[in-house]
Amino acid sequence: MSQTTNLFTPVQVGALTLANRFAMAPMTRSRATNEATAPTDSVVKYYVQRASAGLIISEGSQVSPQGVGYINTPGIYSEEQVAGWKKVTDAVHAAGGRIFIQLWHVGRVSHPFFHNGELPVGPSAIKPEGAKAFTGQGFEDVPTPRALELSEIPGVVDQFRQAARNAKLAGFDGAEIHGANGYLLDQFIQDGSNQRADEYGGSLENRSRFVLEVVKAVVDELGADRVGIRLSPQGSASIKDSDPVKTFSYVTEQLNQFNLAYLHVIEALPGHPMAQPQAPAVAAHLRKIFNGTFILNGGYTQETADKALANNEADVIAFGVPFIANPDLVERFRIGAALNTPDPSTFYVPGDKGYIDYPSLQEQGVDTKEPVDYQNN
């Protein structure tokens with residue numbers, strides 16, 4: 001099996017020099033199973049097991065109670081949550097790892113279950129078709145949200161500002177702003193979900209205003225070289241834009257003013273279950289526009305990641321599901337070892353099964369000193 005060198009070379013990402021070009025993608029795991037929705041000891045172990053990634057990007061962590069859309073997801077707005085995350089960051093750093101927190105507000109992709117019977121909020125009162133919220137009763141249809149009042153928007157920006165401040169207290173190396181996957185910032189950007197008639201809707205400049213205000217707030221707290229942002233320009237089943245190339249090119253141009261640590265773009269490779277066959281490819285356009293480190297995510301294997309890096313399509317590749325089942329994914333790629341098979345039935349349920357019990361190579365008795373050729377086995 002041919003080995004790549006690109007994934008294993010160091011790279012500068014903002015203020016950090018990373019040991020390799022593996023990023024662990026942010027993945028909701030729903031293990032904050034306590035009243036405070038704070039990280040538990042199992043969450044600590046989960047991240048430490050994966051500390052060999054050049055950069056861990058944590059699961060999305062809501063910036064306020066208003067930002068919640070799924071049960072058992074951790075927040076970063078209370079003292080208990082900050083204390084729980086501090087245990088995570090201390091342990092990851094002790095293991096030699098680097099970790100950013102992903103700051104998250106789901107916006108309209110939520111349910112009254114989380115808001116004392118009140119409607120979730122969005123830029124406009126438009127129902128996200130097909131979207132589900134995971135509540136105490138399981139997956140439930142998301143209702144039509146309440147449009148945020150103009151006077152409320154500065155308060156939401158402040159939620160991100162305070163969350164960034166809390167992330168610093170919790171010991172994170174930086175923060176990724178979640179501007180993807182149809183959540184609140186994405187809802188403001190895309191014209192299929194934003195039909196406001198004020199200064200936050202209509203033109204590209206107006207639809208980008210909220211995300212840029214959030215970015216400035218987080219940068220003011222952490223410094224630009226410790227802030228990244230994630231975008232998903234191809235949209236999804238619940239969110240669309242009429243001209244994603246134009247829209248996200250503009251957003252990216254505006255992001256350049258901040259000199260961020262990175263831009264993280266989700267664009268699934270052809271054939272991947274999350275691929276949008278009818279959507280235009282946007283990532284290549286954004287790569288040319290963005291001035292900083294560029295991270296790609298979307299069903300990459302070692303081979304396709306190596307190719308993307310060799311072709312200068314990205315500087316870092318983010319891996320999601322492979323890190324769920326393979327805590328030592330970096331080492332497995334390095335020696336050409338077989339990968340564990342993930343169990344999707346355990347992705348979002350409480351408990352340690354399918355969370356911290358996937359075996360490492362060492363636990364499987366594999367000698368990692370020499371490359372292993374599984375092709376002929």
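## Strands, helices and salt bridges

Student: In which helix does glutamine 159 lie?

Tutor: Let's settle the naming: helices are DSSP runs of H or I with at least four residues, strands are runs of E with at least two, and they are numbered from the N terminus. Glutamine 159 lies in the helix that covers residues 153–169, namely α3.

Student: Good start. What is the mean pLDDT of the chain?

Tutor: This is a predicted model, in which local features need pLDDT of at least 70, side-chain atom pairs count only at pLDDT 80 or more, and totals for chains, interfaces and linings use all residues. Residues are numbered from 1 along each chain as its sequence is written, and side-chain values use heavy atoms, leaving out hydrogens and water. The score, pLDDT, is the predictor's confidence in each residue, from 0 to 100. In this chain 96% of the residues reach 70 or more, and the mean is 94.

Student: Over which residues is the pLDDT below 50?

Tutor: Contact means heavy atoms within 4.5 Å. The stretch you ask about has 10 contacts in the model beyond near neighbours in sequence. Its pLDDT is below 50 over residues 372–377.

Student: Back to glutamine 159: is it buried or exposed?

Tutor: Under 20% relative accessible area a residue is buried, over 50% it is exposed, and in between it is partly exposed (1.4 Å probe, protein chains only). Leaving aside residues up to four places away in sequence, glutamine 159 touches Val63, Ser64, Gln66 and His105. Its relative accessibility is 18%, so glutamine 159 counts as buried.

Student: Now the strands. In what order do the eight strands close into a barrel?

Tutor: Two strands pair if DSSP finds at least two bridges between them. Here the pairing is parallel, and the barrel runs in the order β3-β4-β5-β10-β11-β12-β13-β14.

Student: And what does the twist average from one strand to the next?

Tutor: Axes are lines fitted to C-alpha atoms, for helices over the stretch in contact, and angles run from 0 to 180 degrees between N-to-C directions. From one strand of the barrel to the next, the twist averages 25°.

Student: How many residues of β4 are buried?

Tutor: Strand β4 covers residues 55–62. It pairs in the parallel sense with β3 (residues 22–24) over two bridges and with β5 (residues 99–104) over five. The strand is mostly covered, and the buried residues number eight of eight.

Student: Which residue in β5 is the bridge partner of glycine 60?

Tutor: On the β3 side, alanine 23 has leucine 55 of β4 as its bridge partner. On the β5 side, glycine 60 is partnered by glutamine 102.

Student: What handedness does the unit of β4, α2 and β5 have?

Tutor: Look with the strands pointing away from you: a crossover is right-handed if the path from the first strand over the helix to the second runs clockwise. Helix α2 (residues 79–94) lies across β4 and β5, at about 150° to β5. The β-α-β unit of β4, α2 and β5 is right-handed.

Student: Which residue in β14 stands opposite phenylalanine 22?

Tutor: Strands β3 and β14 pair in the parallel sense over three bridges. Both faces of β14 are covered, with Val316 and Ala318 buried on one side and Ile317 and Phe319 on the other. Opposite phenylalanine 22 stands isoleucine 317.

Student: How many salt bridges does a search of the whole structure find?

Tutor: Side chains of opposite charge can pair when their charged atoms come close. The cut-off used is a side-chain nitrogen of Lys or Arg within 4 Å of a carboxyl oxygen of Asp or Glu. The count for the whole structure is 12.

Student: Arginine 196 and aspartate 198 meet in one of them; is aspartate 198 buried or partly exposed?

Tutor: The N to O distance in this salt bridge is 2.7 Å. Arginine 196 counts as buried because its relative accessibility is 10%. Aspartate 198 has a relative accessible area of 21%, so it is partly exposed.

Student: How many residues apart are aspartate 241 and arginine 207?

Tutor: These two form a salt bridge, with the closest N and O atoms 3.3 Å apart. Aspartate 241 is in the loop between β11 (227–231) and α6 (244–255), while arginine 207 is in helix α5 (residues 204–222). The pair links distant parts of the chain, and the separation in residues is 34.
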